[in-house]
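Reader: I'd like a close look at one glutamate and the surroundings it sits in. Could you take me through it slowly, starting from how accessible the side chain is?

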Amino acid sequence: MQFSADKWKREVNDSIDAYSALHDPIQFSGVLKQYYYSCQIVKDAVRGFKLRKLEKGVSISDVEIEVYKSEFVEENLVKAKTALETYNRQMAVLFCTYLELIISEFVHSLFTLNRQWMYDYVSVEKGKVEFNDIAGNSSLDELFEKLANKSTGNVMKGSWPSVFKRIERLIRKKLPQKDKMLMLISVRNEIVHEGGNVKVLNDNIWEFNDLLLGLISFCAVELSSNTVSYTHLTLPTICSV
């Protein structure tokens, strides 16, 4: 599981492009309103309206038909905007998922490039590896991949502020835009765990988009500058089964 900046940029860009393709016609251009006025759904609704009036022996004017059509269109526009609000919330959830996966992949790659950094996180007792963990692997690379997975899981445990602190200790510098990352996580948790009808605006979606792209670039640069040689690597202490 090596960090791939290109992969994550594609994921984020594809997601925001799809979002914009739905958001912009609904919110800005009036295209959706024009569509509703000319679509078959509205024509069928007007036809049904006329038939109901005729069945009751009530005459209907062109003005009444236009009023009904206008009300029907406006009702559907409201539904479309409500659907868009739901999509906005789901975009926040999706981007938070990307955030977690990007950070996890970044940490795993740090451990892959700097194996000795796993020392504090490979087990509860620093630097100790169970014999079964070693015996169950066919090569040293396979072993270190398993240890990197375990160490990454330990770094990613607990509250997000704690996770960020562990990463900052590893890379010896502050992570950028932690407040914005925590805000995205908070919004996601309120949507998913608390059932909150959170208002997520278009501006918020683009802020989260920029946040992720900035994080991807930071991770890529950091990984390019955090490679070490394994020549003098001390293997983990092996404890008994």
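Is Glu222 buried, partly exposed or exposed, and what is its relative accessible area?

Author: Before the answer, some ground rules. This is a predicted model, in which local features need pLDDT of at least 70 and side-chain atom pairs count only at pLDDT 80 or more, while totals for chains, interfaces and linings use all residues. Residues are numbered from 1 along each chain as its sequence is written, and side-chain values use heavy atoms, with hydrogens and water left out.

Now to your glutamate: Glu222 is buried, at a relative accessible area of 4%. The cut-offs are under 20% for buried, over 50% for exposed and anything in between for partly exposed, using a 1.4 Å probe and protein chains only.

Glu222 has a salt-bridge partner in Lys173, with the closest N and O atoms 3.1 Å apart. A salt bridge here is a side-chain nitrogen of Lys or Arg within 4 Å of a carboxyl oxygen of Asp or Glu. This pair ties together distant parts of the chain, as Lys173 is in the loop between helix H7 (160-171) and H8 while Glu222 is in helix H9, 49 residues apart. Helices are DSSP runs of H or I with at least four residues, strands are E runs of at least two, and the numbering goes from the N terminus. Lys173 is partly exposed at 39%, whereas Glu222 is buried.

What else does Glu222 touch? It is one of the H9 residues that meet H4, along with Phe208, Leu212, Leu215, Ile216, Cys219 and Leu223, among others. From the H4 side come residues including Phe95, Tyr98, Leu99, Ile102, Phe106 and Leu113. Contact means heavy atoms within 4.5 Å. Sorted by class, this contact has 17 nonpolar, four polar and one charged residues. For that sorting, Ala, Val, Leu, Ile, Met, Phe, Trp, Tyr, Cys and Pro count as nonpolar, Asp, Glu, Lys and Arg as charged, and the others, Gly among them, as polar.

As for geometry, H4 and H9 pack at about 5°, their axes 10 Å apart, which makes H4 roughly parallel to H9. Axes are lines fitted to C-alpha atoms, for helices over the stretch in contact, and angles run from 0 to 180 degrees between N-to-C directions. Under 35 degrees is roughly parallel, over 145 roughly antiparallel, 65 to 115 roughly perpendicular and the rest oblique.

Another salt bridge involves H4: Lys199 pairs with Glu85, closest N and O atoms 3.1 Å apart. Lys199 is in the loop between helix H8 (178-192) and helix H9 (202-224), and Glu85 is in helix H4, 114 residues away. Here Lys199 is exposed at 57%, and Glu85 is partly exposed at 33%. Set that beside Glu222, which is buried. H4 also holds Glu66 and Lys69, three residues apart, about one turn of the helix, and those two form a salt bridge as well, at 3.8 Å. The full count is nine salt bridges.

Finally, the aromatic side of the neighbourhood. Phe95 and Tyr98, both among the H4 residues that meet H9, form one aromatic cluster with Trp8. Rings of Phe, Tyr and Trp (its six-membered ring) pair if their centres lie within 6.5 Å, with planes under 30 degrees apart counted as stacked, over 60 as edge-to-face and the rest as tilted.
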